[in-house]
Each structure stands twice: as structure tokens, then as C-alpha cells.
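Work through the exercises below with the sequence and the coordinates open. Each task is followed by a solution in steps.

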Amino acid sequence: GQRIEQLLRLRWAAVAKGSITIFDNKGRPGQGPRPHQLPLIPGVTQALAEFGRDGEFVISTTAGKKAIS
């Protein structure tokens, strides 16, 4: 499974039709965050549609300005 913190940092720019890309910040030194592309099941696609596309972050209490913690 993926770490919940990676999902909480999900940005709208990483949401595509049928998949999302989350990033593992614990990548190898000098390599930067490692992307993980995850396919979406219908329930997740429906849940994402219920979020307002305000700001940069998908899961936020500040209208997308900051990721929820």
C-alpha cells in the first residue's frame, strides 16, 4: 500500500483520466521524489469528482492552498 501522507499531498496536476500520480519523497539521494502512477477504480473516480477543483491540492481545508495534514 501507499503511504497516506503521499495521498494527502495529491495535487490536481497529478490527476489524470483513469489514474493519479503520487510521489515518494524518500527517494534515493540526488534522485528526487519517485513517482508512483496508480490506476483509479470507479469509487475513487467518483470521490474525486466530489472535490471542488479549487487551488493546487486535492485534499485541503484551505480551498486547495495547502495540503491537509
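**Exercise 1.** Decide whether serine 19 counts as buried or exposed, and list its contacts.

Step 1. Serine 19 has a relative accessibility of 9%, so it counts as buried; buried means under 20% relative accessible area, exposed over 50%, and partly exposed in between (1.4 Å probe, protein chains only).
Step 2. Serine 19 is found in strand β2. Helices (H or I, at least four residues) and strands (E, at least two) are DSSP runs, numbered from the N terminus.
Step 3. Leaving aside neighbours within four places in sequence, serine 19 is in contact with Ala14, Gln37, Leu38, Pro39 and Leu40, where contact means heavy atoms within 4.5 Å.

The model is predicted: local features need pLDDT of at least 70, side-chain atom pairs count only at pLDDT 80 or more, and totals for chains, interfaces and linings use all residues. Residues are numbered from 1 along each chain as its sequence is written, and side-chain values use heavy atoms, with hydrogens and water left out.

**Exercise 2.** Describe the surroundings of proline 39 and place proline 42.

Step 1. Proline 39 belongs to strand β3 (residues 34–39).
Step 2. Its relative accessible area is 67%, so proline 39 is exposed.
Step 3. Not counting residues up to four places away in sequence, proline 39 touches Gly18 and Ser19.
Step 4. Between the C-alpha atoms of proline 39 and alanine 67 there are 22 Å, with the two positions 28 residues apart along the chain as their separation.
Step 5. Proline 42 lies in helix α2 and is exposed, at a relative accessible area of 68%.
Step 6. C-alpha to C-alpha, proline 42 and glycine 18 are 8.8 Å apart, and in sequence they are 24 residues apart.

**Exercise 3.** Where does aspartate 24 lie, and which residues does aspartate 24 touch?

Step 1. Aspartate 24 is part of strand β2 (residues 19–24).
Step 2. With a relative accessible area of 6%, aspartate 24 is buried.
Step 3. Residues up to four places away in sequence aside, aspartate 24 touches Arg3, Gln6, Pro33, Arg34 and His36.

**Exercise 4.** Identify the largest nonpolar core and follow the contacts of leucine 48 and tryptophan 12.

Step 1. A nonpolar core is a set of buried Ala, Val, Leu, Ile, Met, Phe, Trp, Tyr and Cys residues joined through side-chain atoms within 4.5 Å.
Step 2. The largest such core has 10 residues: Leu10, Trp12, Ala14, Val15, Ile20, Ile22, Leu40, Leu48, Val58 and Ile59.
Step 3. Leucine 48 sits in helix α2 and counts as buried, at 13% relative accessibility.
Step 4. Beyond four places in sequence, leucine 48 touches Leu10, Trp12, Val15, Ile20, Leu40 and Val58.
Step 5. The C-alpha atoms of leucine 48 and tryptophan 12 are 9.9 Å apart, for residues 36 apart along the chain.
Step 6. Beyond four places in sequence, the contacts of tryptophan 12 are Leu48, Phe51, Gly52, Arg53, Asp54, Gly55, Glu56, Phe57 and Val58.

**Exercise 5.** Characterise the largest pocket by its space and its lining.

Step 1. On a 1 Å grid over the protein atoms alone, a pocket is an open set of points where a 1.4 Å probe fits, with protein on both sides within 12 Å along at least five of seven lines; lining residues have an atom within 4 Å of a point.
Step 2. The largest pocket holds about 250 Å³ of space, a volume being the space filled by probe spheres set on grid points joined across faces, edges and corners.
Step 3. Its lining has 16 residues, and Leu7, Leu10, Ile20, Leu40 and Val44 lie nearest the centre.
Step 4. At least two lining residues come from each of α1 (4–8), β2, β3 and α2 (42–50); α2 gives the largest share, three residues.
Step 5. By type, the lining has 14 nonpolar residues, one polar and one charged. Ala, Val, Leu, Ile, Met, Phe, Trp, Tyr, Cys and Pro count as nonpolar, Asp, Glu, Lys and Arg as charged, and the others, Gly among them, as polar.

**Exercise 6.** Which elements make up the protein chain, and in what order do the elements run?

Step 1. The protein chain has two helices and three strands.
Step 2. From the N terminus on, the order is α-β-β-β-α.
Step 3. Of the 69 residues in the protein chain, 23% are buried.
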